[in-house]
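Please look through the sequence and the model below before reading on, and keep both in view. The paragraphs that follow lead from the inside of the protein outwards, one place at a time.

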Amino acid sequence: MGEGAPTVILESGIHDSSEYWTVSQLLTPAVGPPVMQALAETNRVCRYDRPGTVVPGEPRAITDRSTPVPMPRTVADSVADLHALLQAAEVPGPYVVVAHSWGGMIGQLYARTHPEEVAGLVLVDAFAPALRGLLAEQWETYIKVVNDPPGETLNALEDYEKFDIDASVEQVLEAPPLPDIPLVVMSKTAPFPDFPPDAGMTTADLEAVWPAAQQTLVDLLPNTRHLIATGSIHYIQVTEPDLVTSAARLVMSRAAGAPDG
């Protein structure tokens, strides 16, 4: 959608189709339009569905827009897919990658693997590799909850998106350093949904370490802008799309060499 450089690539969180960039449930005083439509007013914007991701609606269903692949996957698999997709579709770079949650791992590794293709990065309440150490003995419980969300019925299907999260963390940690590009980190303040009583950990356990994990993303590069989405849930792009749009525009401005306004 849209025209104009740089091209913006929207990367969704685990299990999420790209629909989450085109809808909004505004949190006052946020305003629309959704992120994709807003950025398309000035730039070419691309979204895509990773295999096995879920399209919201009634009934919810696994996307049929991408070919099923064996699960689980790694972030390196996703980076290879995205790179091949952009080349096959002849989408011109360099790209500004706007990545939510687990998509932040994909965005990070893409920039580390193809630094010449990435002009900037926005991490929207993104997953941080540091969570493994911060959660310590609760890590295994957490990654099970991430791969098999409580109450999800589609996760019994063999095509449902799942990741080898430990292998993916290692891939990011062992990759070359993040290139010196404009980086904005966005963090929510509202708590995650409650974990089930038998999950082996609580939402409070995750909330206790999430801010420290977000800070490790801020520390990736000097001059990183850290935006706090006060009151927002994890899906900042849905509740405060204008804030995400502004973050992407800030990254584009910095990439063009303009001073911050």
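A good place to begin is Ile-165, which, once its neighbours within four places in sequence are left aside, is in contact with Trp-102, Phe-127, Trp-139, Ile-143, Val-146 and Asn-147. The model in which these contacts are found is a predicted one. Ile-165 also belongs to the largest nonpolar core, which has 51 residues, and it is among those that touch the most other members, together with Trp-102, Phe-127, Leu-131, Trp-139, Tyr-142 and Leu-206. The helix α7 gives the most to this core, with 6 residues. Apart from it there is a second, separate core of 24 residues, and Leu-10, Val-124, Met-186 and Val-251 are included in that one.

From the cores we can turn to a single helix, α3, which runs through residues 103-113. Why can α3 be called largely enclosed by the rest of the structure? The reason is that 10 of its 11 residues are buried, where buried means a relative accessible area under 20%. The buried residues of α3 are Gly-103, Gly-104, Met-105, Ile-106, Gly-107, Gln-108, Leu-109, Tyr-110, Ala-111 and Arg-112. They pack against the strands β1 (7-11), β5 (95-100) and β6 (118-124), and also against the helices α2 (75-88), α6 (165-174) and α7.

One of these partners, the strand β1, contains Thr-7. Because its relative accessibility is 3%, Thr-7 counts as buried. A polar atom of the Thr-7 side chain lies 3.0 Å from the backbone oxygen of Pro-92. Leaving aside neighbours within four places in sequence, Thr-7 is in contact with Arg-44, Cys-46, Val-91, Pro-92, Pro-94, Tyr-95 and Val-96.

Pro-94, in that list of contacts, leads us to the shape of the backbone itself. Most residues other than glycine have a negative phi, and most peptide bonds are trans. Against that background, the peptide bond from Gly-93 to Pro-94 is cis, with omega near 0 degrees, and Pro-94 sits in the loop between α2 and β5. Another cis peptide bond joins Gly-32 and Pro-33, where omega is about 0 degrees, and Pro-33 is found in the loop between β1 and α1 (35-39).

Two residues that are not glycines have a positive phi, and they can be read side by side. Ser-101 has a phi of about 55 degrees and lies in the loop between β5 and α3, whereas Asn-223 has a phi of about 65 degrees and lies in the loop between α7 and β8 (225-229). Is each of them buried or exposed? Ser-101 counts as buried because its relative accessibility is 12%, while Asn-223, with a relative accessible area of 66%, is exposed.

The last stop is the empty space left between the atoms. Rolling a probe the size of a water molecule over the atoms shows where such space is left. The largest pocket has a volume of about 780 Å³, and among the 29 residues that line it, Pro-149, Phe-192, Pro-193, His-234 and Tyr-235 are the closest to its centre. Both α5 (139-147) and α7 (203-218) supply at least two residues each to this lining, and the largest share, 3 residues, comes from α5. Sorted by class, the lining of the pocket has 19 nonpolar, 6 polar and 4 charged residues.

Key. Residues are numbered from 1 along each chain as its sequence is written. This is a predicted model: local features need pLDDT of at least 70, side-chain atom pairs count only at pLDDT 80 or more; totals for chains, interfaces and linings use all residues. Side-chain values use heavy atoms; hydrogens and water are left out. On a 1 Å grid over the protein atoms alone, a cavity is a set of points where a 1.4 Å probe fits but cannot get out, and a pocket is an open set with protein on both sides within 12 Å along at least five of seven lines; lining residues have an atom within 4 Å of a point. Grid points are joined across faces, edges and corners, and a volume is the space filled by probe spheres set on the points. Helices (H or I, at least four residues) and strands (E, at least two) are DSSP runs, numbered from the N terminus. Ala, Val, Leu, Ile, Met, Phe, Trp, Tyr, Cys and Pro count as nonpolar, Asp, Glu, Lys and Arg as charged, and the others, Gly among them, as polar. A nonpolar core is a set of buried Ala, Val, Leu, Ile, Met, Phe, Trp, Tyr and Cys residues joined through side-chain atoms within 4.5 Å. Buried means under 20% relative accessible area, exposed over 50%, partly exposed in between (1.4 Å probe, protein chains only). Contact means heavy atoms within 4.5 Å. A polar contact is a pair of N or O atoms within 3.5 Å; within protein, one must be able to donate a hydrogen and the other to accept it, and residues adjacent in sequence count only if both atoms are side-chain atoms.
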